[in-house]
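Colleague: Got a minute to go through this one with me? I'd like to start with the strands.

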Amino acid sequence: MAKLMRQHDWSATPLGCPSTWPDGLTIPLRMLLTSRFEMWLGWGEDLRFFYNDAYIPTLGIKHPSMLGRPFREVWAEVYDDVADQVAKVRAGEATWNDSLMLILERSGYPEETYHSFSYSPLYGAERAVEGLLCIVTEVTRPVISDRRLSTLRQLGTALVGVTSRDEVSLAVCAVLGANRRDFPFALLFLGDGSTRQAVACSADAAHLLNGPWPDDPPANGISFALPPDVDYPAGDWPARPREALSVPIPGAAGRPAAGFLILGLNPFRQRGENVADLANLLAGQISGALANVATLATERRRADRIWTNSRDLLVTVDAAGVFQSVSPSWTRILKHPIEAVVGRSFSDFIHPDDLEPAHQALRKAMSGSYLTGLENRFQTADGEVRHISWNTAMEDGLVYGYGRDVTEEKAKAAALANAEEALRHAQKMEAVGQLTGGIAHDFNNLLTGIIGSLDLVRRRIKPDWPSDVDRFLTIATSSAERAASLTQRLLAFARRQSLDPQPVQAHQLVVGMLDLIKKSIGELIVLRIETEEDLWNARCDPNQLESSVLNLAINSRDAMPDGGTLTIRTENVRVEPADLGRVALPAPGDYVLLQVEDTGHGMPAHVISKAFEPFFTTKPLGKGTGLGLSMIYGFAQQSGGTVLIESVEQQGTVVSLYIPRSREDARPIVPAGGDADRAEAIKHAATILIVEDEPAVRLLVTESLGALGYETLVASTGPDGLRILQSDQPIDLLLTDVGLPGLNGRQLADAARVTRPDLKVLFVTGYVHDSGLYEDGLEPGMAVVTKPFDIDKLAKRVAELIRR
């Protein structure tokens with residue numbers, strides 16, 4: 001794409017020669033071209049279209065002719081769907097779409113597609129919105145796959161326990177009548193000849209039942225064109241289907257087909273996209289259900305033999321719930337002798353928690369209703385609990401029950417559900433990390449470096465050019481060069497910090513932090529430390545582990561505003577392969593478990609499910625950034641471990657951090673000192689502590705405030721800054737970045753005000769939306785300045801705070 005752009009005649013467009021293009025276009029364009037993530041941008045009044053190589057498959061046959069064309073022309077078929085979002089971007093507001101359906105004409109025909117994308121404004125020289133940046137992921141395949149898998153799961157569930165062909169028809173029509181995208185209409189034909197039963201799965205398809213359909217399709221089905229003069233239901237689409245699929249429903253082994261399906265096909269998907277496979281799987285499920293119905297009929301004709309040999313529970317029960325007879329399988333499954341069961345009530349064998357629902361089910365069965373898939377728990381003679389799924393019928397005042405032991409099936413289903421949930425959570429966290437990780441913060445840090453350096457250069461340029469001009473020019477140049485590599489980090493997970501993994505003795509690390517933790521949580525909270533003897537060494541970055549422990553301790557403190565107990569424990573844990581689904585670890589093996597437990601207000605399940613997402617917080621405005629737990633999650637994942645939350649509302653929370661075991665000896669823990677040792681050098685009346693992790697920004701702020709006569713202290717991390725704040729060093733103002741790694745700026749300020757309640761705080765943030773949050777929720781003596789900023793703006797905010 002870079003080559004095509006260089007060859008393009010831009011002079012024929014309103015954009016003119018590329019040498020005249022502003023930085024507001026060239027900088028994001030460079031970022032776009034070096035990214036492997038799908039991206040495009042539009043610039044100018046009509047949003048002239050630029051895109052990278054990764055976006056070419058989305059354009060399809062429109063590539064390369066749409067380069068430089070207006071956005072409205074490139075995607076004319078869907079422009080009206082996003083026009084309101086374009087208007088929002090022109091007003092300076094970013095937008096986000098998750099799996100938005102768009103009918104695109106990129107392959108020579110209208111095509112059903114799904115995309116997750118964001119629109120962000122691009123600013124020109126006068127800070128006016130002059131363009132739009134789109135970061136996009138096409139999710140057509142997973143969306144359609146999930147829809148088809150859902151149809152299969154729903155049909156499988158609906159067919160469980162059916163006892164007649166009519167029930168099979170009802171189940172099939174309920175499911176296919178709900179999926180009107182893959183199949184706008186569906187017809188079901190069961191049986192053959194005069195006994196054939198025909199059912200339309202939606203009311204608007206009933207007139208098609210008498211149509212001339214191919215009733216003997218080949219084994220894998222056959223697709224055919226639909227006559228254009230017939231009124232076929234369109235389902236969920238604005239256009240009628242042009243083709244249909246005829247699929248046989250397999251009969252029993254060696255028997256002819258049990259029927260067939262006629263399925264209208266989605267007009268916005270091409271033939272051969274696995275829809276025939278889906279149809280055959282559905283037909284197979286129907287075949288299985290019909291086979292079960294046939295088997296049930298056969299078993300009824302041989303009831304006596306089945307009664308004797310059945311591996312499932314067969315019982316008769318009277319209106320009082322007393323067993324009149326039970327099959328021999330009762331003894332095999334539940335281990336009770338038959339003579340010990342007949343004549344006794346089912347209340348003597350059923351689990352107490354299921355007793356009342358069972359009585360209600362019996363009353364319903366006695367009224368003539370059929371019970372299907374009724375599950376309850378029965379206790380065996382040796383105290384074990386088994387899950388039984390019942391189907392019933394009523395005749396001559398007795399309920400005939402057929403019970404299947406589904407204990408193992410339920411255990412497998414639960415394990416599969418846990419694994420699927422863990423996979424969905426991991427995929428969601430990966431996507432959230434890729435789309436949110438570092439764009440605003442890192443990019444604004446770079447802009448701050450450029451703007452601040454050039455500002456200082458302009459202030460210092462004189463005829464004789466002072467010797468330090470080169471240093472600030474170097475900073476500006478370095479920041480510009482780093483902007484080009486920023487997009488590479490967009491592909492990394494949000495927690496992409498460089499780690500220094502080494503053997504760590506977790507208990508010694510916690511003990512070394514006790515003073516810091518006690519000062520951070522206050523006097524109302526009791527701190528307990530528990531450890532296992534012969535604790536293994538963990539392999540991780542000790543600084544990140546220290547930040548994680550401090551972060552969790554502060555979260556626990558916030559959960560116990562009236563006091564409580566905070567327990568930090570460490571122990572050795574061996575994770576077996578069977579445990580991986582429960583703890584969501586990448587591999588079995590030895591881990592060091594570090595737990596932080598509090599007796600606070602706890603969290604409900606829906607909060608736990610989102611707790612690790614960046615920027616999610618339940619704290620009031622201005623009381624938290626929502627980054628602490630997400631950073632701990634990223635640190636744990638990057639270290640080869642994981643972090644889990646268990647919580648009960650009004651009882652407390654346990655956060656468990658699993659870290660891989662190291663078989664090497666741990667290095668001595670050296671407490672960080674650094675800038676705190678400079679306290680003796682302070683001479684000016686106004687002393688400012690600067691906490692900033694970006695070296696260029698940290699240097700610029702330090703130089704600028706120093707030139708204004710302020711005495712400055714410097715720290716690059718939240719824990720280092722907190723150590724200085726908890727010392728006796730006089731400090732008039734804390735100037736801190738919000739998005740610090742580990743302990744963020746807001747948490748740093750809150751911890752500092754435990755011992756310095758009157759400390760003035762100036763927050764620096766690269767996220768524009770955070771500015772409104774903090775301004776609305778700031779405490780007295782706090783203020784916010786957003787990146788990028790010039791020296792005059794920073795100096796003004798500092799002076800205002802110090803004068804208060």
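Modeller: Sure. It's a predicted model, to be clear. A place to start is Ala-225, whose bridge partner in β9 is Glu-243.

Colleague: How many bridges are there between β8 and β9, and in which sense do they pair?

Modeller: Four bridges, and the pairing is antiparallel; β9 covers residues 243-249.

Colleague: What's the strand order in the sheet they belong to?

Modeller: It goes β7-β6-β10-β9-β8, five strands in an open, antiparallel sheet. The edges are β7 (197-200) and β8 (222-225), and each has a single partner strand, so one side of each has no neighbour in the sheet.

Colleague: What's the average twist from strand to strand?

Modeller: It averages 15 degrees from one strand to the next.

Colleague: And which strands does α7 touch?

Modeller: Helix α7, residues 165-176, packs on the sheet and touches β6 (186-190), β7 and β10 (259-264). The direction of α7 makes about 25 degrees with that of β7.

Colleague: OK, Ala-203 next. Where is it, and is it buried or exposed?

Modeller: Ala-203 is in the loop between β7 and β8. Its relative accessible area is 73%, over the 50% cut-off, so it counts as exposed.

Colleague: How far is Ala-203 from Phe-185 in space?

Modeller: C-alpha to C-alpha, Ala-203 and Phe-185 are 9.6 Å apart, with their positions 18 residues apart in sequence.

Colleague: Switching to helices. At what angle do α17 and α20 pack?

Modeller: About 145 degrees, with the axes 10 Å apart; α17 is residues 542-559 and α20 is 628-638. The crossing of α17 past α20 is left-handed.

Colleague: Which residues make that contact?

Modeller: From α17, they're Gln-544, Leu-545, Ser-548, Asn-551, Leu-552 and Asn-555. On the α20 side you have Gly-628, Leu-629, Ile-632 and Phe-635.

Colleague: How does the contact split by class?

Modeller: Between α17 and α20 there are five nonpolar and five polar residues, and no charged ones.

Colleague: Last one, α21. What's its reach from first C-alpha to last?

Modeller: Helix α21 (695-707) has 13 residues and reaches 18 Å, close to the 18 Å expected at 1.5 Å a residue.

Colleague: Which of its residues are buried?

Modeller: Ala-696, Val-697, Arg-698, Leu-700, Val-701, Ser-704 and Leu-705 are the buried residues of α21. As for spacing, an α-helix has 3.6 residues a turn, so residues three or four places apart point the same way.

Colleague: And what does Gly-709 do just after α21?

Modeller: Gly-709 takes a positive phi there, about 100 degrees.

How values were computed: Residues numbered from 1 in each chain as written. Predicted model: local features only at pLDDT ≥ 70, side-chain atom pairs only at ≥ 80, totals over all residues. Heavy atoms only, no water. Pairing = 2+ DSSP bridges. Helix = DSSP H or I, 4+ residues; strand = E, 2+ residues; numbered from the N terminus. Axes fitted to C-alpha atoms, helices over the stretch in contact; angles between N-to-C directions. Contact = heavy atoms within 4.5 Å. Buried < 20%, exposed > 50% of the residue type's maximum accessible area, 1.4 Å probe, protein only. Expected span 1.5 Å × (residues − 1). Left-handed = near helix turned anticlockwise from the far one by under 90°. Nonpolar A, V, L, I, M, F, W, Y, C, P; charged D, E, K, R; others polar.
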